[in-house]
Number of protein chains: 2
Amino acid sequence: MTETVAAIVAAHRAGQQSPAQTVARSFKRIREHNDPAIFISLRDEKDAVTEAEALSAKDARELPLLGVPVAVKDNIDVAGLPTTAACPAYSYNPTRDAASVARLRQAGAIIIGKTNLDQFATGLVGVRSPYGIPVNPMRSDLIPGGSSSGSAVAVSTGLVPLSLGTDTAGSGRVPAMLNNIVGLKPSLGLVPTAGVVPACRTLDCVSVFSLTVDDAVAALSVMAGPDRSDPFSRDRSFAKLSPFPGGLRLGVPRDGQLIFFGDKAQEAAYAAALERWRALGATLVSFDLEPLYETARLLYEGPWVTERYLVIRNLLASSPDAIHPVTREITIAGSRISAADTFAALYRLQTLRRTAEHAFAGIDALVLPTAPTAYSTAQVLANPIELNSRLGTYTNFVNLLDLCGLALPSSIRPDEIPFGITLLAPAGQDALLASIGRVFQAQTKLTLGAKGVVLPPLADLSLDLTGDEIPIAVVG
Amino acid sequence: MTETVAAIVAAHRAGQQSPAQTVARSFKRIREHNDPAIFISLRDEKDAVTEAEALSAKDARELPLLGVPVAVKDNIDVAGLPTTAACPAYSYNPTRDAASVARLRQAGAIIIGKTNLDQFATGLVGVRSPYGIPVNPMRSDLIPGGSSSGSAVAVSTGLVPLSLGTDTAGSGRVPAMLNNIVGLKPSLGLVPTAGVVPACRTLDCVSVFSLTVDDAVAALSVMAGPDRSDPFSRDRSFAKLSPFPGGLRLGVPRDGQLIFFGDKAQEAAYAAALERWRALGATLVSFDLEPLYETARLLYEGPWVTERYLVIRNLLASSPDAIHPVTREITIAGSRISAADTFAALYRLQTLRRTAEHAFAGIDALVLPTAPTAYSTAQVLANPIELNSRLGTYTNFVNLLDLCGLALPSSIRPDEIPFGITLLAPAGQDALLASIGRVFQAQTKLTLGAKGVVLPPLADLSLDLTGDEIPIAVVG
């Protein structure tokens with residue numbers, strides 16, 4: 001069977017396999033895969049299996065994620081497991097689930113463990129952690145990508161079909177590309193961030209990794225919605241998927257604005273992706289990226305690093321050596337920024353947001369490479385800050401501009417490096433991105449993740465994906 | 001005739017008086033009133049009269065402010081007059097009107113001059129200006145209120161029927177109370193702030209002073225709406241006035257939360273105002289002010305003073321003596337605040353905003369005293385910072401919480417000090433506040449401003465107030 005979320009839920013509902021069996025299989029695969037850098041902590045297997053067995057007492061039709069094993073990035077609270085943010089000295093034992101996790105459980109998901117990350121979610125590389133570097137299952141010399149490294153690798157290797165990441169500047173998208181999976185970064189405030197260790201509180205999102213767009217939508221659908229305990233939550237919910245629209249207008253960078261740092265294979269892969277969109281009937285429209293690039297520079301040079309500083313200020317003062325040296329160097333800079341610089345940056349951002357809003361009014365979505373190139377672990381360890389920064393070329397501005405994003409596998413380059421694109425649109429357009437992204441993904445004919453799973457036929461949208469029945473077609 | 005905006009426009013349309021005559025009368029009254037502290041600069045009278053004469057070439061039905069003389073606070077640009085912000089060393093000569101002023105002119109208004117203010121709009125008192133202290137026409141020992149001191153006094157004394165102020169923490173409301181006139185503080189972003197010297201850019205509003213609520217609405221209706229040149233502008237417009245609603249729920253402070261600094265007359269006047277609301281059929285609902293008070297403390301102790309610092313940073317460095325000593329002392333504090341303090345305050349504000357949103361969901365509007373008491377000029381000069389701060393008790397939190405406000409005359413106390421109330425509601429409810437406020441104002445039977453003008457009967461809402469015809473009833 002194909003092990004998408006949809007297939008697992010269908011199998012459970014049909015009685016072909018029990019949730020307990022599926023959970024046990026996850027644990028078995030984790031042991032067999034034997035990469036100690038993917039998970040920072042694992043749940044007690046018996047507890048997880050018992051929780052899965054208890055699902056049989058509930059109404060399966062009301063559990064859209066019935067018995068789905070889920071991995072959770074270790075900056076998101078899961079009751080009963082420590083939250084480390086990849087910093088042992090920071091670790092604490094939460095007594096309750098993060099709001100996002102609680103909603104997944106409520107929908108029938110079973111949490112399996114907590115995954116590795118660039119410490120404090122600072123980084124796009126996945127190498128900044130005392131818990132090791134998860135091996136990239138697509139090409140072992142490559143970085144796994146970060147900061148949600150473990151969550152992305154866990155899905156790509158089939159240990160779980162679904163995982164949570166977080167995304168402040170690309171942490172939910174760059175690792176998706178490098179692991180040949182889907183990375184969904186919702187609109188700010190759509191999924192509550194209560195119970196998440198902040199990176200930049202004003203910019204943080206809980207994100208989703210999965211093999212298919214529909215699987216990500218299934219998770220987002222249950223996690224979306226306002227939460228009174230989270231002041232950054234917004235009064236929004238996830239709209240429904242819709243058929244691929246006629247007359248789709250997709251923005252692409254103006255001539256000369258694309259950046260690949262000399263990576264010709266990446267450039268060719270992006271051009272091929274655009275061809276695929278044209279073949280799907282989309283019109284490509286020239287879009288000025290300069291205001292987006294300026295916003296990205298603002299993130300790096302501006303005051304937002306101070307938000308990261310606020311999170312670990314006490315630890316920096318009491319135990320600076322407990323912090324990863326690269327993370328420490330980056331974060332300490334946040335202590336030296338003034339309120340004057342902060343407001344000046346907020347003013348500039350306000351202007352850039354308005355500029356972007358007007359630009360987006362002319363298109364349905366923007367299509368960009370998820371990252372301009374890929375690096376090996378050796379390269380990143382030798383030049384940790386500059387190469388990390390390059391990887392954020394097409395992701396850093398997204399949260400500042402209040403956009404939603406969907407990272408999709410697009411092709412495998414001749415050198416076996418996975419290439420992906422990201423769809424971007426103004427906040428609130430999450431369902432549109434998924435609606436067109438799922439069709440694009442089907443069109444690529446790529447196998448899913450690192451395990452060669454074949455993409456099942458797309459579910460019929462005339463049936464309710466999150467409702468009481470998963471269309472048979474999905475089982476594939 | 002009564003000299004409301006409505007009456008002036010009706011007289012012009014009926015041919016009973018020409019716009020040029022009305023403008024000339026404004027200049028004559030300014031000369032006769034002879035308070036040099038009200039205006040910082042006056043327009044050349046001939047130019048203004050010529051502009052008024054030129055209106056005859058236009059279609060009167062398309063000019064809702066046909067020939068209405070308007071005074072503009074001197075931190076708002078008017079082409080041809082210097083903008084000083086009450087600081088000669090800061091002065092510059094704008095080549096174009098502020099967006100708000102341009103929209104008034106487009107509607108037929110004639111700008112008469114620029115009015116005095118607490119320097120850089122920092123203050124609620126009207127005594128912090130090198131251009132003198134406008135005499136309060138209600139009781140000459142009282143402060144005029146600020147920061148929009150000259151604009152409020154100009155309307156109260158009948159020099160003009162309409163003026164613009166600005167409002168960041170109460171500058172458009174406190175002087176309205178102290179001058180027995182209406183002060184309308186629109187929702188943030190409803191009226192563009194392009195061409196306004198910022199106080200706190202993230203909180204600034206252009207505000208309106210007038211004798212009646214309907215006059216303020218007439219001005220707001222033409223000034224409201226998005227402006228691409230102002231990144232803080234929002235995609236909003238002013239809704240229509242509606243009849244007084246049945247079942248109106250008005251919030252009033254919980255027992256023990258009212259603050260009057262021992263002013264029993266103010267306390268009694270507020271209680272009488274609430275009685276009037278009850279008589280109008282409103283239900284009074286207990287409302288917890290503590291989150292609002294906490295927000296006000298955040299404004300005083302938090303990072304927003306840094307926004308003021310950014311405006312005059314260069315001047316503070318080059319010519320500190322050119323700045324009013326009280327303003328200088330307050331503003332320089334903004335140079336010492338960190339980005340860490342700023343984000344911490346923004347987080348707290350976000351929580352307070354959510355708390356306020358939920359509280360406002362249970363009421364239609366909140367009714368508060370506009371200020372807790374009134375002070376004489378002598379008192380304020382002796383204790384300039386503390387007494388100023390007290391005056392902001394019921395106004396300081398409003399812009400931070402993204403509320404709209406309408407300050408209304410309520411009664412004249414036995415000691416001849418004017419008392420006023422302010423209606424507050426979440427952003428976007430400007431029309432609701434005006435719809436109920438106009439009925440309250442009519443019910444007070446107070447004469448308007450300092451000149452004993454009798455409030456004309458309310459216009460019939462079945463006719464379009466901003467349309468091509470002013471109802472006859474308004475002429476009164």
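Two strands pair if DSSP finds at least two bridges between them. Keep that in mind for the tour of this predicted model.

**Stop 1: one strand pair**

Select β1(A) and strand β3, residues 110-115 of chain A. Three bridges join the two, and they run antiparallel. Now pick F39(A). Opposite F39(A) stands T115(A), in β3(A).

**Stop 2: the whole sheet**

Strands of a sheet pair through backbone hydrogen bonds, either parallel or antiparallel. Widen the selection to the eleven strands of the open sheet in chain A. Trace them in this order: β1-β3-β2-β4-β6-β5-β10-β11-β9-β7-β8. The pairing is mixed.

Which strands stand at the edges? Go to β1 (39-42) and β8 (283-287) of chain A. Each has a single partner strand, so one side of each is left without a neighbour in the sheet. Then look at the twist. On average, neighbouring strands of this sheet are turned by 30° against each other, direction ignored.

**Stop 3: two helices on the sheet**

Select helix α5, residues 149-156 of chain A. This helix packs on the sheet. It touches β1, β2 (69-73), β3, β4 (162-167) and β6 (205-210) of chain A. The direction of α5 makes about 155° with that of β4(A).

Next, select helix α12, residues 339-360 of chain A. Helix α12 lies across β8, β9 (365-369), β10 (403-412) and β11 (418-426) of chain A. It runs at about 100° to β11(A).

**Stop 4: a helix in chain B**

Move to helix α7, residues 213-223 of chain B. Is it largely enclosed or open? Ten of its eleven residues are buried, so α7(B) is largely enclosed by the rest of the structure. Buried here means under 20% relative accessible area. Colour some of the buried residues, including V213(B), D214(B), L220(B) and M223(B). Just after the helix, find G225(B), which takes a positive phi of about 130°.

**Stop 5: both chains together**

Show chain A and chain B. A rotation of 180°, with 0.0 Å of shift along its axis, superposes chain A on chain B (RMSD 0.0 Å). That is the relation of a two-fold axis.

Now select the interface. The contact takes 27 residues from chain A and 27 residues from chain B. Of the interface residues of chain A, 100% are also interface residues in chain B, so the copies meet through the same surface.

How much area do the chains bury between them? The value is about 2,300 Å², 69% of it on carbon and sulfur atoms. Finish on P231(A), F343(A) and Y347(A). These supply 28% of the area that chain A buries against chain B, more than any other three residues. As for salt bridges between chain A and chain B, the count is zero.

Key. Residues numbered from 1 in each chain as written. Chains lettered and ligands numbered in written order. Predicted model: local features only at pLDDT ≥ 70, side-chain atom pairs only at ≥ 80, totals over all residues. Heavy atoms only, no water. Helix = DSSP H or I, 4+ residues; strand = E, 2+ residues; numbered from the N terminus. Axes fitted to C-alpha atoms, helices over the stretch in contact; angles between N-to-C directions. Contact = heavy atoms within 4.5 Å. Buried < 20%, exposed > 50% of the residue type's maximum accessible area, 1.4 Å probe, protein only. Least-squares fit on C-alpha atoms with pLDDT ≥ 70 in both. Buried area = accessible area lost by both parts, 1.4 Å probe. Salt bridge = Lys/Arg side-chain N within 4 Å of Asp/Glu carboxyl O.
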